[in-house]
Every structure is written in C-alpha cells, then in structure tokens.
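Grab your viewer and work through a few exercises on the fold shown here. Try each task on your own before reading its solution.

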Amino acid sequence: MDLLNNRIAVKTCDDRACVTILYRAMQLLQNMRHDADLYFVATCQEEIGTYGAKTAGFEVNADFGVALDVCHAHTPDAEPSRTNDIDAIVASEGPYINPFLRKKLKETAEEQNIRLQTSVVPSYTSTDLDDLAMQRAGIPSVLIELPLKYMHTSVENIDMHCIEEAARLLANFAQKVSAEWEEQLWI
C-alpha cells in the first residue's frame with residue numbers, strides 16, 4: 001500500500017527490500033566501470049540461524065563482504081536509542097564490523113551526498129554479517145541497514161527513497177573497490 005512521503009506498507013519487507021537493493025545496485029553498476037569481481041547473494045534462513053550466510057560465505061570465499069538487513073525505525077513506545085530515522089540508511093559500527101570498510105562506506109556516502117546514520121552494535125549484529133565475518137579465516141565485513149517500522153508484522157513501513165539511496169551507496173562503494181584495500185582490511 002502506498003503511503004505519504006514516498007513510503008509503503010507491506011508485509012515481509014524484511015528482507016525483500018534488501019534483495020531490491022541488490023537488484024537495483026546491479027542495474028546501476030552496468031553503467032559504471034569497476035575492477036572487482038562482484039558476487040551478489042541473497043541468503044536464506046537468516047532469522048533462524050543465518051545458515052544461508054554461512055554457506056554462501058564459505059563457498060564464495062570473498063576478500064570482504066557487505067551485508068544488508070533492516071533495523072528498527074522510530075516507532076511509538078520504542079526505546080529511542082535503539083531506533084533510527086526511517087528516511088536514512090544506517091551504517092552500524094561494532095566489533096564484528098570492519099572499521100576500514102565502514103570508513104570507506106562513510107566516505108562514499110559523503111561523496112554521493114547520501115545521508116548515513118550511525119548505530120552502535122556492542123556485540124554481534126544479529127544479521128548475516130556475524131556468520132559471514134567468521135567464515136574460513138575471517139571475511140572482513142560491513143553492514144548497511146534500512147530502518148523499518150513495525151518489523152515482522154503485516155504492515156511494515158519503509159521509505160522507498162531510502163531503498164534507492166542504499167542501492168546507490170552499494171553500487172558506488174563497489175565501484176571504488178581496489179586492490180590497495182587488501183592490506184588495510186587486516187589492520
């Protein structure tokens with residue numbers, strides 16, 4: 001259902017919106033030059049054990065990963081420190097998130113004039129990133145999250161502009177990847 005201010009209400013947007021971001025980023029990358037081999041993976045069973053991320057992370061054996069998920073947008077009676085504005089992407093920071101990749105993600109957002117919020121995750125992220133980061137000898141990873149209201153209900157609310165901005169951020173971030181990043185990932 002279309003709502004005001006470029007928002008929609010839909011069931012199971014977690015994680016359909018993330019697949020939409022992947023698809024849109026692939027479309028944008030068709031018109032961009034990039035040096036990296038890119039793999040776009042939609043995983044399964046994230047809510048019950050991140051089994052798809054474990055399998056994909058092991059099989060692809062990437063140099064680094066970008067995980068996408070949703071987080072909680074400001075909702076009535078929710079703790080304000082645990083929620084975010086619905087109209088801007090979130091780039092979390094915490095022990096599972098690679099600081100160099102997060103820095104590059106933030107730089108890309110600034111260059112592209114994309115509003116980026118910060119959320120602090122004191123331990124694991126409860127997303128695919130956690131198991132992706134622990135595959136093989138470790139896969140440095142960063143997390144992009146979309147604020148979502150009324151998560152896991154039949155009336156989840158999400159901002160469509162935020163989805164487009166996340167795709168634009170992911171595509172431009174992927175375009176910037178260079179071999180010089182390799183050394184910085186492990187510092």
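Below are four exercises on the sheet, its helices and two loops, each with a worked solution.

A quick note on ground rules: this is a predicted model, in which local features need pLDDT of at least 70 and side-chain atom pairs count only at pLDDT 80 or more, while totals for chains, interfaces and linings use all residues. Residues are numbered from 1 along each chain as its sequence is written, and side-chain values use heavy atoms, with hydrogens and water left out.

**Exercise 1. Work out the strand order of the open sheet and find its edges.**

Step 1: Pick out the elements, where helices (H or I, at least four residues) and strands (E, at least two) are DSSP runs numbered from the N terminus.
Step 2: Look for pairs, meaning strands with at least two DSSP bridges between them. The four strands line up as β2-β5-β3-β4, with mixed pairing.
Step 3: β2 (65-72) and β4 each have a single partner strand, so one side of each lacks a neighbour in the sheet.
Step 4: For the twist, ignore direction: neighbouring strands are turned by 35 degrees against each other on average.

**Exercise 2. Describe how β3 (residues 89-93) is paired and covered.**

Step 1: On one side, β3 runs parallel to β4, joined by five bridges. Ile-89 has Leu-116 as its bridge partner, and Ala-91 has Thr-118.
Step 2: Towards β5 (residues 141-148) the pairing is antiparallel, with two bridges; here Val-90 stands opposite Glu-145.
Step 3: Four of the five β3 residues are buried, that is, under 20% relative accessible area (exposed is over 50%, partly exposed in between, with a 1.4 Å probe and protein chains only).

**Exercise 3. Find what packs on the sheet, and how α3 and α5 cross.**

Step 1: Use contact as heavy atoms within 4.5 Å. Take axes as lines fitted to C-alpha atoms, for helices over the stretch in contact, with angles from 0 to 180 degrees between N-to-C directions.
Step 2: Helix α1 (residues 13-29) touches β2 and β5, and its direction makes about 140 degrees with that of β2. Helix α5 touches β2, β3, β4 and β5, at about 170 degrees to the direction of β5.
Step 3: The axes of α3 and α5 (residues 160-176) come within 9 Å and cross at roughly 115 degrees.
Step 4: Residues making this contact include Leu-101, Leu-105 and Thr-108 of α3, plus Leu-169 and Phe-173 of α5.

**Exercise 4. Is Thr-125 buried or exposed, and which residues does it touch?**

Step 1: Locate Thr-125 in the loop between β4 (116-120) and α4 (128-132).
Step 2: Its relative accessible area is 12%, so Thr-125 is buried.
Step 3: Leaving out residues up to four places away in sequence, Thr-125 touches Ile-97, Asp-130 and Leu-143.
Step 4: Now check polar contacts: N or O atoms within 3.5 Å, where within protein one must be able to donate a hydrogen and the other to accept it, and residues adjacent in sequence count only if both atoms are side-chain atoms. The Thr-125 side chain has one of 2.7 Å to that of Thr-127 and another of 2.7 Å to that of Asp-130.
Step 5: Ser-126, in that loop between β4 and α4, has a positive phi of about 60 degrees without being a glycine. For a second example, go to Tyr-150 in the loop between β5 and β6 (156-159), a non-glycine residue with a positive phi near 60 degrees. Tyr-150 is partly exposed, with a relative accessible area of 32%.
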